[in-house]
Amino acid sequence: MKIERQYSLKSLNTLGVLSYAEYFAMPENASEIKDCLQFAQQKNLAVKVLGGGSNVVMAKLVEGLVLHYRDESLQVVSEDHEKVTIEVGAGFQWHGLVMETLKRGWFGLENLALIPGTVGAAPVQNIGAYGVEVKDFITAVHGVYLKDGSQFKLLADECAFAYRESIFKGDLDSQILITSVEFILSKQKNVVVDYAPLKQMAEQQGLPTPAVLAQWVVDVRSEKLPDPNVLPNAGSFFKNPLVSLVLFNKLIALYPQMPNYPQGDVVKLPAGWLIDQLGLKGVAFGPVSVHKKQALVLINQGGSGEQVMAAAAEIKKRVLSAYEIQLEQEPRMFK
Ligand code: FAD
Ligand code: NAP
C-alpha cells in the first residue's frame with residue numbers, strides 16, 4: 001500500500017470539485033489501516049475517511065491523511081430458511097451490494113437501488129429512499145477509532161439512527177473508520193411500494209418481485225436524477241425539513257397545494273418543492289445551478305467547494321425568508 005502525497009480527489013467526489021489531499025492511502029485490511037494510523041501519528045496528521053465522495057463538498061486542499069478503505073468482502077454470518085445475516089466490507093459499492101443480494105435471493109434493499117457510494121458510508125447518514133432506510137436492515141457496524149486504531153462493534157440500537165442521521169455524524173463524527181457492516185435480509189419476497197411512482201406502477205402492472213422493484217427504482221431515478229458523470233452533483237443537497245404543526249398550519253394556509261407528510265407532532269415538507277416555488281429550478285449561481293428537473297439537486301459545472309457552499313447559502317437564505325424554515329444541508333464540507 002502506497003501513501004501518496006498531493007493526491008487529486010477530483011474523481012473521488014461526484015460534484016467534480018478540483019481538490020487535493022495532502023496525503024492519501026487506500027488500505028485494504030486491518031493491518032494496513034494500522035500502518036496508516038502510525039504514519040499519521042508520526043507526522044502529526046489528522047486522519048479523514050472518504051468513500052465514493054457522493055455526499056461531500058470538497059475543499060481545495062484537504063489537510064492530513066485521507067483514507068479510502070477498499071475491503072469489498074461479503075460473508076454470511078448466519079442463515080436459516082427465512083433470513084440471512086451478512087457482513088460486508090465498507091469498500092463494497094452500495095448499488096453493487098443491492099444487486100448482489102437480489103441475485104442471491106436475499107431481499108429488503110431494493111428500494112435503495114442506485115444510491116451511489118460505499119457500504120461504509122451507508123450507516124453514516126442512514127441512507128434512505130422510497131420509504132426505506134438502511135437502519136431497518138443493519139444489525140451491527142464494525143470499525144476502528146482513528147485516534148488509536150482500537151476496534152469497535154456497535155449494535156444497531158447503539159448507532160442513534162434517525163432521518164439521514166446517526167452517531168457517526170454525531171458523537172463519533174470524524175473519529176472512526178467503519179470497516180464493515182452487518183445486515184439482516186429476508187428470504188421472503190415482501191416489497192414496499194408506498195411512494196407514488198412505485199405505487200402507480202404496482203397499480204398498473206401488479207405487485208413486483210424485489211428484483212423487478214429494484215429495476216423500477218433504477219428506471220424512476222435514472223429519469224429524474226442527473227448522472228454525476230454527466231452533470232456533477234451530490235444528490236439531494238438539503239434534507240426535507242420537519243416543521244411544527246404551528247408553522248405547518250401557517251404555511252398550508254398560504255400554499256394549499258403544498259405536499260406534506262405528517263409524522264407524529266411534526267410535518268415533513270419536501271425541500272425540493274419549497275425551492276421550486278421560489279422559481280429557482282434551473283437558476284445558476286455562478287458555476288452552480290439548481291437542477292432543471294429536481295430543485296433539491298445542485299449541479300456543479302467547474303465551481304470550487306466554496307462556490308457550491310455559497311450557492312447553497314443563498315438558497316437557504318431565500319427559503320428562510322419565504323417560509324421561516326432553516327434548511328439543513330445534507331452533504332458536508334470535506335476539509
Ligand atoms: P462519502 O461522500 O465519501 O462520505 C460521506 C460521509 O461519510 C463523509 O463524512 C465521510 O467521512 C463518511 N464516510 C464515508 N465512508 C466512511 C467509512 N468507511 N467510515 C466512516 N466514515 C465514512 N443518499 C440517500 O440517503 N438516499 C438517496 O437516495 C441518495 N441518492 C443520491 C443520488 C445521487 C445522484 C448522489 C450523487 C447522491 C445520493 N445520495 C443519496 C447521497 C450519497 O450517495 C449517500 O449519502 C452515500 O451513502 C454516500 O456514500 P459515499 O461512499 O460516497 O460517502
Ligand atoms: P419525490 O418522490 O419527488 O418526493 C419528494 C419528497 O417527498 C421526497 O424527498 C420524500 O421524502 C417525500 N415523500 C414522497 N412520498 C412520500 C411518502 N409517501 N411518504 C413520506 N414522504 C414522501 O422524491 P425524489 O426526489 O424523486 O426522491 C425519491 C426518493 O429517493 C426519496 O425517498 C429521496 O429521499 C431519495 N433520494 C435521496 C437523495 C439524497 O441525496 N439524499 C437523492 C435522490 C433521491 P424522503 O426524502 O424523506 O423520502
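This is a quick talk on one sheet and two ligand sites in a structure.

Okay, so before anything else: this is a predicted model. Keep that in mind for every distance I quote.

Let's start with the sheet. It's an open one with four strands, running in the order β1-β2-β5-β3, and the pairing is mixed. β1, residues 3–8, and β3, residues 47–49, sit at the edges with a single partner strand each, so each of them has one side without a neighbour in the sheet. On average, neighbouring strands here are turned by 40° against each other, if you ignore direction.

In the middle of that order, β2 (residues 20–25) pairs with β5 (residues 61–67) in the parallel sense, over five bridges. If you want a spot to click on, A25 stands opposite L67 in β5. Then there's helix α1, residues 30–43, which packs on the sheet and touches β1, β2, β3 and β5. The direction of α1 makes about 140° with that of β5.

Right, on to ligand 1. There are 31 residues around ligand 1, and the ones that come nearest are V49, G51, S54, T118 and R221. V49 should ring a bell, as β3 covers 47–49.

For polar contacts, I'd look at the backbone. G53 has a backbone N or O atom 2.8 Å from an oxygen atom of ligand 1, and N55 has one at 2.8 Å from a ligand oxygen too. On the nitrogen side, a polar backbone atom of G128 is 2.8 Å from a nitrogen atom of ligand 1. Taken alone, ligand 1 exposes 970 Å², and the protein buries 91% of that. The elements giving two or more residues to this shell are β8 (128–129), β12 (176–186), β13 (233–236) and β20 (332–334). By type, the shell splits into 15 nonpolar, 13 polar and three charged residues.

Now, which residues come nearest to ligand 2? Of the 17 around ligand 2, those are R164, Y195, K224, K268 and Q294. R164 puts a polar side-chain atom 2.7 Å from an oxygen atom of ligand 2. S236 uses a backbone N or O atom, 2.8 Å from a ligand oxygen. And E330 has a side-chain N or O atom 2.9 Å from a nitrogen atom of ligand 2.

On its own, ligand 2 has 800 Å² of accessible area, and the protein covers 81% of it. β8, α4 (210–224) and β13 each give two or more residues to the shell around ligand 2. That shell divides into seven nonpolar, five polar and five charged residues.

Terms used. Residues are numbered from 1 along each chain as its sequence is written. Chains are lettered from A and ligands numbered from 1 in the order in which they are written. This is a predicted model: local features need pLDDT of at least 70, side-chain atom pairs count only at pLDDT 80 or more; totals for chains, interfaces and linings use all residues. Side-chain values use heavy atoms; hydrogens and water are left out. Two strands pair if DSSP finds at least two bridges between them. Axes are lines fitted to C-alpha atoms, for helices over the stretch in contact, and angles run from 0 to 180 degrees between N-to-C directions. Contact means heavy atoms within 4.5 Å. A residue is near a molecule or strand if one of its heavy atoms lies within 4 Å of it. A polar contact is a pair of N or O atoms within 3.5 Å; within protein, one must be able to donate a hydrogen and the other to accept it, and residues adjacent in sequence count only if both atoms are side-chain atoms. Accessible areas come from the Shrake-Rupley method with a 1.4 Å probe; for residues, only the protein chains shown count as cover. Ala, Val, Leu, Ile, Met, Phe, Trp, Tyr, Cys and Pro count as nonpolar, Asp, Glu, Lys and Arg as charged, and the others, Gly among them, as polar.
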